[in-house]
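User: I am new to this structure and would like to understand how its descriptions are reached. Please take me through the terms one at a time.

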Amino acid sequence: MSSVSMPSAIPQPQTRAFAIAWGCALLFYFFEYAGRSAPAVMIPELSQAFGVSALGVSSILGTYYYTYSTTSLIAGVLLDRLGAKYVVPAGMAILGLGCLLFALPHVAAGNGGRLLQGAGSAFAFTGAVYLASHGFSAQRLATAIGLTQCLGMLGGSAGQIVVGPLIHGVMSVAGFWVLLGVLVLVTGAILMVLTPREPPAVVESGVSGLLDTYKIVFSNPQSYLCGLVAGLLFVPTTIGDMVWGVRFFQEDKLFTYQSAVFAASMVPLGWVIGCPLLGWLADKLHRRKPALTGGIVVMLICVAQLTFLPALLPAWLTLLILGVASGAAMIPYTIIKEVNPDRVKGSATGGINFLTFGVTAVIGPIFASHFGKTLGAVNADPAEHFRHAGVFWIVIIALALLVSLVLKETGQGNLKR
């Protein structure tokens, strides 16, 4: 089977067109992350709307990660075989419909809407990275991927720090989800117009079967290591902060609602800085692992300080630094594309998304059952409860550090040695 290098196979004018389409796909990722993080600031309202407890709301929200992880595989192979012009807007349509359905005050609508949101969102980052790999050179790819995640996490921060006051002021919870759904659908239509058609040589890369691309990705042990590291680094931010962060700071640390929202929003805001910064550092050093392990070590220090020495720094500042450092979770997304052939770039991204959020789907319920379920329990020591939860995340991040040590270095600096 012959391999076609995507960036070199695309004419220069189309490369610029793909870069423009990538810019539009960033809006998709921004809206997707806003929808992913917004429920953290409206758990009481969702509990009332769906007629379930806070733990029941967590269960509904968690269904997002089941469809997100599995649909990532479908998104990757569709991108490799059909290109981005119709595949990515189709994902946006699914996400938009999921947001509209989630606005209905019924448990079935909540579950169905969240499942659709997860399925549609699987096309956001995968599609943006696919477009970036067509629109940017290899020397700038890690930086472009970092900027992609930067916009996503800016949406994550807005989903907390902006949506919180919004739903307690000028807009209802249902109104927010309707507005978000409409914005996603309109952006999808624009993206379909902007994205160029791809030459047949790019789409028909010589891979014979529909699933052959994943045979390549998943036969490579490094792919599993990349997914495990990224997943272990994502869980503290997606579950620990974006789902449970506000409630933990309110119940265990006795923060006001506004202070808890502000503190929790610092993690995704930190990603806005950390993702492009660590991506740029990995490109500048021509090495991936120093930037990755350095970010993980800083994450460990931040969580340990917040857990055992909380008075040393304001919580919001520690969480901002944690967010910057956790931008390291994006570096395995660059590594997996570099340890696999160019012709399976879309599937490599879909594969790591599947592995990353598969880890989230497994660890999220464990954290909820051991720590979320006991949040605010009568006769419980809030400070001790917060410390136990912190130790849980320290173990998770430490495990990510250990796994990262056996990752293959793929930077150009390693090739010169």
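User: How many helices and strands does the protein chain have, and what counts as one?

Analyst: The protein chain has 20 helices and 0 strands, where helices (H or I, at least four residues) and strands (E, at least two) are DSSP runs, numbered from the N terminus. This is a predicted model, in which local features need pLDDT of at least 70, side-chain atom pairs count only at pLDDT 80 or more, and totals for chains, interfaces and linings use all residues. Residues are numbered from 1 along each chain as its sequence is written, and side-chain values use heavy atoms, with hydrogens and water left out.

User: What makes the radius of gyration agree with a compact globule?

Analyst: The radius is taken over C-alpha atoms, and the globule rule is 2.2 Å times the number of residues to the power 0.38. For 417 residues a compact globule would have a value near 22 Å, and because the protein chain has 20 Å, the two agree. Along its principal axes, the C-alpha trace spans about 65 × 50 × 30 Å.

User: Why is Arg247 called buried or exposed, and which word fits Glu251?

Analyst: Buried means under 20% relative accessible area, exposed over 50%, and partly exposed in between (1.4 Å probe, protein chains only). Arg247 has 16% relative accessibility and therefore counts as buried, whereas Glu251, at 32%, counts as partly exposed. Of the 417 residues of the protein chain, 58% count as buried.

User: How do you know that Glu251 and Arg247 form a salt bridge?

Analyst: A salt bridge is a side-chain nitrogen of Lys or Arg within 4 Å of a carboxyl oxygen of Asp or Glu. In this pair the closest N and O atoms are 3.8 Å apart, so the definition is met. Both residues lie in helix H13 (residues 245-251), 4 residues apart, about one turn of the helix.

User: What other salt bridges are there, and where do their residues lie?

Analyst: A search of the whole structure finds 6 salt bridges. One of them joins Arg36 and Glu32 at 2.7 Å, N to O; these two residues are both in helix H2 (residues 12-37), and both are buried. Another joins Glu384 and Arg387, with the closest N and O atoms 2.4 Å apart, and since these residues are 3 apart in helix H19, about one helical turn separates them. Glu384 is partly exposed, with a relative accessible area of 29%, and Arg387, at 30%, also counts as partly exposed. Asp283, Arg288 and Glu338 are linked in a network of salt bridges.

User: What makes a set of residues a nonpolar core, and which residues have the most contacts inside the largest one?

Analyst: A nonpolar core is a set of buried Ala, Val, Leu, Ile, Met, Phe, Trp, Tyr and Cys residues joined through side-chain atoms within 4.5 Å. The largest has 121 residues, and those with the most contacts inside it are Met42, Trp177, Phe234 and Phe367. Helix H14 (residues 257-285) gives the largest share of this core, 11 residues. Contact means heavy atoms within 4.5 Å, and, leaving aside neighbours within four places in sequence, Phe234 is in contact with residues including Tyr33, Trp271, Met330 and Phe357.
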